[in-house]
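The report below reads a structural model from its surface inward and back again. It begins with one surface feature and then turns to the fold, the helices and the charged pairs.

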Amino acid sequence: MNPIGKVTRIDGNKVHVTFKRTSACGSCHACFTLSPTEAEVELDNDLDAEVGNYVEIMMHPSNIVKASLIMYGVPLTGLIVGVCIGAFFNVYVSFGLGVALSLLSFGLIRLLEPKFSKIDNFKPRMLRIVSEQEIASRKDED
């Protein structure tokens, strides 16, 4: 089930939507975390939503996997490559090179983050504006 959030602010063609964090959010930082139970995300206002509207938010699962592979797989690969290359020398070089390549990978990802944030596939989207009746019926189910 996709989260439903409330439009709290409009900045030009962008809207800020606040919603309850779910267990699927984990330690993902795609959204701005307001509290342990609440997050805010900036989305394109494709649906002409207004402040106070409730909207359904979606990020495609395959894109979540791709983003996770970039964030965790690249540094892990750097660690493994560094350890393997360093193993030709000694344990200390192996450890140091593994940590260094892993940190270098994190730094590279951090530097490229502005480019990744412009890729539409990695951005959450508004699917639809949700009616007040549907909000009430979902609260009854909880």
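Helix 1 is the element that gives the most to the nonpolar patch, contributing six residues. The model considered here is a predicted one, and the patch itself is formed by M71, Y72, L76, L79, I80, V83, F95, V99, L103 and F106, which together offer about 920 Å² of accessible area on the surface. The elements that supply two or more residues to this patch are helix 1 and helix 2. One of the patch residues, F106, is found in helix 2, and with a relative accessible area of 36% F106 is partly exposed.

**Overall architecture**

The secondary structure of the protein consists of three helices and six strands, and along the sequence these elements follow the pattern β-β-β-β-β-α-α-β-α. Of the 142 residues in the protein, 23% are buried. The accessible surface comes to about 9,700 Å², and carbon and sulfur atoms account for 63% of that surface. When contacts between residues at least 6 apart in sequence are considered, 62% of them join residues at least 24 apart.

**Helix 1 and its cover**

How does the span of helix 1 agree with the value expected at 1.5 Å a residue? The 26 residues of helix 1 (residues 61-86) should span 38 Å, and the end C-alpha atoms of the helix lie 37 Å apart, which agrees with that expectation. Helix 1 nevertheless has a kink of about 30°, and this kink is centred on L69.

While helix 1 gives six residues to the nonpolar patch, other residues of the helix are buried, namely N63, P75, G78, G82 and G86. The cover over the buried residues of helix 1 includes helix 2. A residue that illustrates this arrangement is S102, which is found in helix 2. Leaving aside its neighbours within four places in sequence, S102 is in contact with P75, G78 and L79. P75 and G78 are among the buried residues of helix 1, whereas L79 is one of the residues that form the nonpolar patch. S102 has a relative accessibility of 13% and therefore counts as buried, the cut-off being under 20%.

**Salt bridges**

The structure holds four salt bridges, and three of them, chosen for description here, are set out in the table with the separation of their closest N and O atoms.

| Pair | N to O distance | Relative accessible area |
|---|---|---|
| K14 and D44 | 2.5 Å | K14 21%, D44 28% |
| R128 and E56 | 2.6 Å | R128 31%, E56 10% |
| R110 and E113 | 2.7 Å | R110 60%, E113 39% |

In the pair formed by K14 and D44, the closest N and O atoms are 2.5 Å apart. K14 lies in strand 2 (residues 14-20) and D44 in strand 4 (residues 38-44), so this salt bridge ties together parts that are 30 residues apart in sequence. K14 counts as partly exposed at 21% relative accessibility, and D44 is partly exposed as well, with a relative accessible area of 28%.

R128 and E56 likewise form a salt bridge, with their closest N and O atoms 2.6 Å apart. This pair links distant parts of the chain, R128 being in strand 6 (residues 125-130) and E56 in strand 5 (residues 54-58), 72 residues apart. R128 is partly exposed at 31% relative accessibility, whereas E56 is buried, with a relative accessible area of 10%.

The side chains of R110 and E113 meet in a salt bridge within helix 2 (residues 91-117). Why are R110 and E113 separated by about one helical turn? The two residues are three residues apart in helix 2, which means that about one turn of the helix lies between them. An α-helix has 3.6 residues a turn, so residues three or four places apart point the same way. R110 is exposed, with a relative accessible area of 60%, while E113 is partly exposed at 39%.

**A loop residue with positive phi**

A separate local feature concerns D48, which has a positive phi of about 55° although D48 is not a glycine. D48 is found in the loop between strand 4 and strand 5, and with a relative accessible area of 61% D48 is exposed.

Conventions. Residues are numbered from 1 along each chain as its sequence is written. This is a predicted model: local features need pLDDT of at least 70, side-chain atom pairs count only at pLDDT 80 or more; totals for chains, interfaces and linings use all residues. Side-chain values use heavy atoms; hydrogens and water are left out. Helices (H or I, at least four residues) and strands (E, at least two) are DSSP runs, numbered from the N terminus. Buried means under 20% relative accessible area, exposed over 50%, partly exposed in between (1.4 Å probe, protein chains only). Contact means heavy atoms within 4.5 Å. Accessible areas come from the Shrake-Rupley method with a 1.4 Å probe; for residues, only the protein chains shown count as cover. The expected span of a helix is 1.5 Å times one less than its number of residues. The bend at a residue is the angle between axes fitted to the seven residues ending there and the seven starting there. Patches are made of residues with over 30% relative accessible area and no salt bridge: like charges are joined within 9 Å, nonpolar side chains (Val, Leu, Ile, Met, Phe, Trp, Tyr) within 5 Å.
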